[in-house]
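The following paragraphs lead the reader through a protein structure, moving from the packing of its helices to its charged pairs and its cysteines. Please keep the sequence and the three-dimensional view at hand while reading.

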Amino acid sequence: MPQIPQDHVCIKIGQKLDRLLPSYECCIFRVHDELRQVNEKAYEPNIIAIGPYHHCNENLKMMEDHKLRYLSHHLRGNTEKLNRYVLALRELEQDTRRCYAGTLALDKDEWVEMLLLDGCFIIELVHKFKDRRFREEKDPIFEMDWVVKTLQRDLLLFENQLPFSFLCELFDMIEGPNNHPLFVSWVLNFFQDLLPGKGRVNNIIRDLKTLYKHLLGVVYDNWRPSFSEERCNGDVK
């Protein structure tokens with residue numbers, strides 16, 4: 001029986017289906033236009049872009065030098081370490097892209113550079129906040145309180161996130177493997193004075209790399225009321 005030739009529309013739809021990513025892999029999204037129109041500034045970072053959505057915003061370029069400075073402070077001239085990081089992040093390029101919804105304009109090299117600079121900055125920032133001994137003398141980020149406060153706010157924005165699984169992979173390279181609870185403790189310490197109460201430590205024994213999707217998820221999961229607290233407050237019926 002002769003094979004029926006495919007219609008060009010069928011071929012076009014098939015190509016789109018091949019490019020379609022599973023929805024469950026996306027964990028970082030753009031804010032819906034209807035929400036943004038209510039108060040656009042509420043969803044825009046003030047001083048730092050993290051991830052691809054605001055990467056090309058010229059108003060946020062000032063912090064790119066600080067990202068480079070933090071990477072330089074960590075590397076201390078070790079180009080072999082830098083090369084090892086870049087090669088490892090190239091292997092994560094496709095997996096990290098799948099975490100974002102929508103069209104992403106960055107090419108492969110730009111993507112890897114973004115991952116390294118943004119990821120290293122976050123890890124170095126929360127570490128320096130936790131332990132003053134690791135800060136450079138007269139670090140401008142810690143010289144002015146408003147900068148830290150603004151970074152705390154920007155790093156909790158929905159569109160301004162990196163996949164937490166990636167941050168854990170990078171943390172393994174920088175601080176040593178299988179110490180993700182330490183990283184989570186640094187993150188919670190960084191945001192502690194921004195949020196009410198002392199939060200609570202999540203005691204679920206699971207791989208933290210898969211438990212959380214991004215920094216916002218870490219903070220939400222550790223500051224939201226537990227079921228027992230809701231019962232005590234009369235919120236559970």
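Two helices count as roughly perpendicular when the angle between their axes is 65 to 115 degrees. The model to which this term is applied here is a predicted one.

The pair formed by H5 and H9 is a suitable place to begin. The axes of these helices cross at roughly 70 degrees and come within 9 Å. H5 and H9 are therefore roughly perpendicular to each other. On the H5 side the contact is made by Ile123, Leu125, Val126, His127, Phe129 and Lys130, which meet Phe183, Trp186, Val187, Asn189 and Phe190 of H9. By residue class, this contact consists of eight nonpolar, two polar and one charged.

His127 deserves a separate look within this contact. This histidine lies in helix H5 and counts as buried, its relative accessibility being 10%. When neighbours within four places in sequence are set aside, the residues in contact with His127 are Phe134, Glu175 and Trp186. Trp186 also appears among the H9 residues that meet H5.

H5 has a second partner to consider, namely H4. Here the packing angle is about 110 degrees, and the axes are 9 Å apart. H4 and H5 are therefore roughly perpendicular to each other as well. In this contact, Leu82, Tyr85, Val86, Leu89, Arg90, Glu93, Gln94, Thr96 and Arg97 of H4 meet Lys108, Asp109, Trp111, Val112, Leu115 and Leu116 of H5. The participating residues divide into eight nonpolar, two polar and five charged.

Two of the charged residues in this contact form a pair. Asp109 and Arg90 make a salt bridge in which the closest N and O atoms are 2.8 Å apart. Because Asp109 belongs to helix H5 (residues 108-130) and Arg90 to helix H4 (residues 79-97), the bridge ties together parts that are 19 residues apart in sequence. Both partners are partly exposed: Asp109 has a relative accessible area of 48%, and Arg90 has one of 39%.

How many salt bridges does the model contain? The count comes to 14. A further example is found within a helix, where Glu64 and Lys67 form a salt bridge with their closest N and O atoms 2.9 Å apart. These two residues are three residues apart in helix H3 (residues 62-75), and they are therefore separated by about one helical turn. In general, an α-helix has 3.6 residues a turn, so residues three or four places apart point the same way. Are the two partners buried or exposed? Glu64 is buried, with a relative accessible area of 15%, and Lys67 is likewise buried, at 0% relative accessibility.

Another salt bridge joins the side chains of Glu44 and Arg36, with a distance of 2.6 Å from N to O. Arg36 is buried, its relative accessible area being 13%. This pair is part of a network of salt bridges that links Arg36, Glu44 and Glu159.

Attention may now turn to H11. This helix, which spans residues 215-223, is mostly covered, since seven of its nine residues are buried. The buried residues are Leu215, Gly217, Val218, Val219, Asp221, Asn222 and Trp223. Their cover includes H5, helix H8 (164-175) and helix H9 (180-191). H5 and H9, the pair with which this account began, thus both take part in covering H11.

Gly217 offers a closer view of this helix. The residue is placed in helix H11 and counts as buried at 18% relative accessibility. Its C-alpha atom is separated by 8.8 Å from that of Phe164, although the two residues are 53 residues apart along the chain.

The cysteines complete the account. How many disulfides are present? The count is zero. The sulfur of Cys27 has its closest cysteine sulfur in Cys99, at 4.2 Å, which is too far for a bond, because a disulfide requires the sulfur atoms to be within 2.5 Å. Cys27 is buried, with a relative accessible area of 13%. Cys120 is also buried, at 1% relative accessibility.

Note on methods:
Residues are numbered from 1 along each chain as its sequence is written. This is a predicted model: local features need pLDDT of at least 70, side-chain atom pairs count only at pLDDT 80 or more; totals for chains, interfaces and linings use all residues. Side-chain values use heavy atoms; hydrogens and water are left out. A salt bridge is a side-chain nitrogen of Lys or Arg within 4 Å of a carboxyl oxygen of Asp or Glu. Buried means under 20% relative accessible area, exposed over 50%, partly exposed in between (1.4 Å probe, protein chains only). Helices (H or I, at least four residues) and strands (E, at least two) are DSSP runs, numbered from the N terminus. Contact means heavy atoms within 4.5 Å. Axes are lines fitted to C-alpha atoms, for helices over the stretch in contact, and angles run from 0 to 180 degrees between N-to-C directions. Angles under 35 degrees count as roughly parallel, over 145 as roughly antiparallel, 65 to 115 as roughly perpendicular and the rest as oblique. Ala, Val, Leu, Ile, Met, Phe, Trp, Tyr, Cys and Pro count as nonpolar, Asp, Glu, Lys and Arg as charged, and the others, Gly among them, as polar.
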